[in-house]
Every structure is written in C-alpha cells, then in structure tokens.
Amino acid sequence: MREDFADTLAAAQAGEQRAIACLWRELQPRLLRYLNARERQAAEDVASEAWLRAARDLGKFEGNEIQFRAWMFTLARHALIDWRRRARSRPQICMDLEGIAERSVDDDPATDAIDAIDTERVLQLLGRLPDDQADVILLRVVAGLDTERVAAIVGKRPATVRVVQHRGLRRLAVLLGSDVRTEQGVTP
C-alpha cells in the first residue's frame, strides 16, 4: 500500500468505501493481534471502537503510512484503556458459552490447531510480562512501529522504550527457557 497510500488516504477522507476498506484490511489483523495479546475477551470490541474513533477524526489526519499506523495503534491503546476503566466499574457476569455459538468448519484443522497452540503460548508468555513491557514489545513487533513512535504512544522517552523492550525480551527468554525445561521434566 506504500506506493498509493496518499491517494488511498485522500479517498478514505472523502468517504470512498473502497479506500476505507483498503485501510481496514491493511491494519485490522495487526490491531487484533495487539489487542488479543493485551485483552483477549475485548479485542474485537476495542478494535471496533478504535475504528469508530478513526472514522470520526480521519478528516483531520495528516501524515504518511507509518504515521497513520502509529495513529491507529494510539487510538486502539486509548480505546483499550477506556474499556478497562469501564470494565472495572461494572460487575462481571460469567457464562458458559460453549453450546451457544456454532463453530464453522475449517479447511485444515491440523494447521489451525498448531497455529492456535503457538499463538496461545505466545499470549501466555506475554501475559506474564509487566504491562509496559508487553505493550512495547507488541507495538514494536506486531505493529511494526519504530522506537520513537512507540515512545509517543506509551508516553515514555525513546531510550526508556529501548530499555523496557530489552528487559521484556530478556524476561521472555527466561520464561521460554523455564517452560522448555519444565516440558522436558527438568526442574530449575
């Protein structure tokens, strides 16, 4: 999309559905991966809220594709923070939804199962990190943003983001090593 991003953005700002769909197709999978890692049960709702905020302010946006991606992840992060605040202020209702939703048939169940295990393991490991470390790693890896943009999103200096990322990656390596030793039956 890089070659024609300016044209796509201008068309989206003019309300052309084709252009809006192009932006959505480009960013939605990354937004969902980020949000799934941060708050799995609310990822779809929070992503929708981020896109609603983007639609409201799209006409005011000026910048290139990387700036647009950073802007979208900023909106998603703020929508997530707002969702968490609202969730704390309302009671939780737990339901067993096993029989309610009918699952669609997948083309390759073996591949889907392996992907789900890998994704689940990554999400579990990221969930064991402090929030700031998980946020920085996800924004750098999933969103593909540079250190300066991540710093602006999380409200830290770029040097601090690099330190947080380094500590998070070191912590992930330790966690991954302890998980491997546990799977092999070796106790630390």
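Which residues do ring pairs link into a cluster? Select Phe5, Phe61, Phe68 and Trp71 and you have the answer: ring pairs join these four. Keep in mind as you click along that this is a predicted model.

**Stop 1: the ring cluster**

Stay with the cluster and show the side chains of Phe61 and Phe68. Both residues are buried. Phe68 is a good residue to centre the view on. Leaving aside residues up to four places away in sequence, Phe68 touches Phe5, Leu9, Leu23, Leu27, Leu58 and Phe61.

**Stop 2: a ring pair between two helices**

The model has 5 aromatic pairs. For one of them, select Tyr34 and Phe73, whose ring centres lie 5.7 Å apart. Turn the view until you see the two planes, which meet at 75 degrees, making the pair edge-to-face. Now colour by helix: Tyr34 sits in helix H2 (residues 17–38) and Phe73 in helix H4 (residues 65–89), so this pair ties together parts that are 39 residues apart in sequence. Are these two residues buried or exposed? Tyr34 is buried, at 0% relative accessibility, and Phe73 is buried with a value of 0% as well.

Compare this with the pair made by Phe61 and Phe68: their ring centres are 5.3 Å apart and their planes stand at 80 degrees, so this pair is edge-to-face too.

**Stop 3: the nonpolar core**

Next, widen the selection to the largest nonpolar core, which holds 52 residues. As background, nonpolar side chains in soluble globular proteins tend to be buried together. Which members touch the most other members? Pick out Leu35, Phe68, Trp71, Met72, Phe73, Leu139 and Leu145.

To see where the core comes from, highlight the helices one after another. At least two core residues come from each of helix H1 (5–13), H2, helix H3 (43–57), H4, helix H5 (109–127), helix H6 (131–141), helix H7 (147–154) and helix H8 (158–183). Helix H4 gives the most, with 11 residues.

**Stop 4: a buried arginine**

While helix H4 is on screen, select Arg69, which belongs to that helix. Arg69 is buried, yet has no salt bridge. Which side chain of opposite charge is nearest? Show Glu65, at 5.2 Å from Arg69. A salt bridge needs a side-chain nitrogen of Lys or Arg within 4 Å of a carboxyl oxygen of Asp or Glu, so that distance does not qualify. Now turn on the backbone atoms of Ala143: the side chain of Arg69 reaches the backbone oxygen there at 2.9 Å.

**Stop 5: salt bridges**

In total, the model contains 11 salt bridges. Begin with Asp82 and Arg53, whose side chains meet at 2.6 Å, N to O. Asp82 is in helix H4 and Arg53 in helix H3, so the bridge ties together parts that are 29 residues apart in sequence. Show the surface here: Asp82 is partly exposed, with a relative accessible area of 23%, whereas Arg53 is buried at 13%.

Move on to Asp135 and Arg77, which form a salt bridge at 3.2 Å, N to O. This pair links distant parts of the chain, with Asp135 in helix H6 and Arg77 in helix H4, 58 residues apart. Asp135 is buried, with a relative accessible area of 8%, and Arg77 is buried at 15%. Then add Arg38 and Asp131 to the selection: Arg38, Arg77, Asp131 and Asp135 are linked in a network of salt bridges.

One further bridge to look up is Asp146 with Arg149, at 3.7 Å, N to O. Asp146 is partly exposed at 30% relative accessibility, and Arg149 is partly exposed at 23%.

**Stop 6: Ala134**

For the final stop, return to helix H6 and select Ala134. Ala134 is buried, at 0% relative accessibility. Which residues does Ala134 touch, not counting those up to four places away in sequence? Display Arg38, Leu126 and Leu129 to see these contacts. You have met Arg38 already, as a member of the salt-bridge network. Finally, draw a distance from the C-alpha atom of Ala134 to that of Leu169: the two are separated by 9.3 Å, although they are 35 residues apart along the chain.

Terms used. Residues are numbered from 1 along each chain as its sequence is written. This is a predicted model: local features need pLDDT of at least 70, side-chain atom pairs count only at pLDDT 80 or more; totals for chains, interfaces and linings use all residues. Side-chain values use heavy atoms; hydrogens and water are left out. Rings of Phe, Tyr and Trp (its six-membered ring) pair if their centres lie within 6.5 Å; planes under 30 degrees apart count as stacked, over 60 as edge-to-face and the rest as tilted. Helices (H or I, at least four residues) and strands (E, at least two) are DSSP runs, numbered from the N terminus. Buried means under 20% relative accessible area, exposed over 50%, partly exposed in between (1.4 Å probe, protein chains only). A nonpolar core is a set of buried Ala, Val, Leu, Ile, Met, Phe, Trp, Tyr and Cys residues joined through side-chain atoms within 4.5 Å. Contact means heavy atoms within 4.5 Å. Lys and Arg count as positive and Asp and Glu as negative; His and the chain ends are not counted. A polar contact is a pair of N or O atoms within 3.5 Å; within protein, one must be able to donate a hydrogen and the other to accept it, and residues adjacent in sequence count only if both atoms are side-chain atoms.
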